[in-house]
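Reader: I should like to understand how a strand is placed within a protein. May we work through an example by question and answer?

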Amino acid sequence: MSKDICTEYLEGLVRDAHALAAEDPELWGKPADYIPELAHIDPAQLAISVALADGRVLSAGDYKTGFSIQSISKVFTLSIALGRIGDSLWNRVAREPSGNPFDSILKLEQEKGKPRNPFINAGAIVTTDALLSGHAPKEALSEIIQFVRAAAEDDDIHINARVAQSEKATGYRNLALAHYLRSYDNLVNEPDYTLGVYYHQCAIEMTTVQLAKAGRYLASLPDAPKLIAPAKVRSLNALMMTCGQYDGSGEFAFRVGLPSKSGVGGGLLIIAPRRGSIAIWSPGLNEKGNSKMGTYIAERMSRELDWGVF
């Protein structure tokens, strides 16, 4: 039976999550310890914000706390790329689930330098490279951050330089992926240039309120800024459904039934078309690199609100 969505409902979800984790602290998961700036974050945090079709934004938990959106940024860079260069991007990046970890080089080698989809690291690096072509790195970064601010209608969104530097200092696998892409002529710019932009876009810091509002254009909400064509919105939602949770995308689609994109900072952007844009943050991750408590909350919300698309 579906429930009405209100602030009290979201607050109840947060209370229930903390009560469950008090019995079993492992339900919080573990932060991404391979990025030093994220490793020390307290996993026992949870924030939920929902931007609704009627213009309200409801929130509960730690929703005033900013966090690194990490791979959720790939949705925004892909939006810009599809708006600027259109379907020619698909000559460089495929649209299939990977079935491998997000930083794996295996499929990239097997498929001759064409990444499986734009949400794994190799695919996102190619998308960033496409945005960088003909632009200085600072110009490309400015375009990305301005797009995110326009989507959220909030100029108080910035890049956390410490997180970006932390990723650069430990990003050996991404460097390997970039060089491998270059070896197949699927990287136009120097790897260091493209990765510099990539690390900084992943280090964009937002609250769940800002992220939920930024996702309104993907949910086709009435008050959403008109940033890309409706056909591109449909394409993005399809990719989020099939590829947005790395090699856990099928399980997430089965359990939640909504398009979404995760980030190893613990964020989830979940789209309920024409109903709402949901942002959840809990920094502890599961074995697939997705927010552990966030996934539980997303499944519960989809079931209780009857928002799943199936």
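Reader: In the hairpin of β1 and β2, which residue takes a positive phi?

Author: The model discussed here is predicted. Four residues lie between the two strands of this hairpin. The residue with a positive phi, near 95°, is G55.

Reader: Which residue in β2 stands opposite V50?

Author: Strands β1 and β2 run antiparallel and are joined by five bridges. Opposite V50 in β2 stands L58.

Reader: What is the bridge partner of A51 in β8?

Author: β1 also pairs with strand β8, residues 276-281, in the antiparallel sense over six bridges. Within β8, A51 has as its bridge partner S277.

Reader: Are the residues on the two faces of β1 buried or exposed?

Author: In a regular strand, side chains alternate between the two faces of the sheet. One side of β1 carries A47, S49 and A51, and the other carries I48, V50 and L52. Six of the six residues of β1 are buried, so the strand is largely enclosed by the rest of the structure. The residues on both faces are therefore buried.

Reader: Which helix gives the largest share of the largest nonpolar core?

Author: This core has 47 residues, and those touching the most other members include F76, M206 and L218. Its largest share, eight residues, comes from helix α6.

Reader: How many residues are in the other core, which has I48 and L52 among its members?

Author: In soluble globular proteins, nonpolar side chains tend to be buried together. This other core lies apart from the largest one, and L258 and I278 are also among its members. The number of residues in this core is 28.

Note on methods: Residues numbered from 1 in each chain as written. Predicted model: local features only at pLDDT ≥ 70, side-chain atom pairs only at ≥ 80, totals over all residues. Heavy atoms only, no water. Buried < 20%, exposed > 50% of the residue type's maximum accessible area, 1.4 Å probe, protein only. Pairing = 2+ DSSP bridges. Core = buried A, V, L, I, M, F, W, Y, C linked by side-chain atoms within 4.5 Å.
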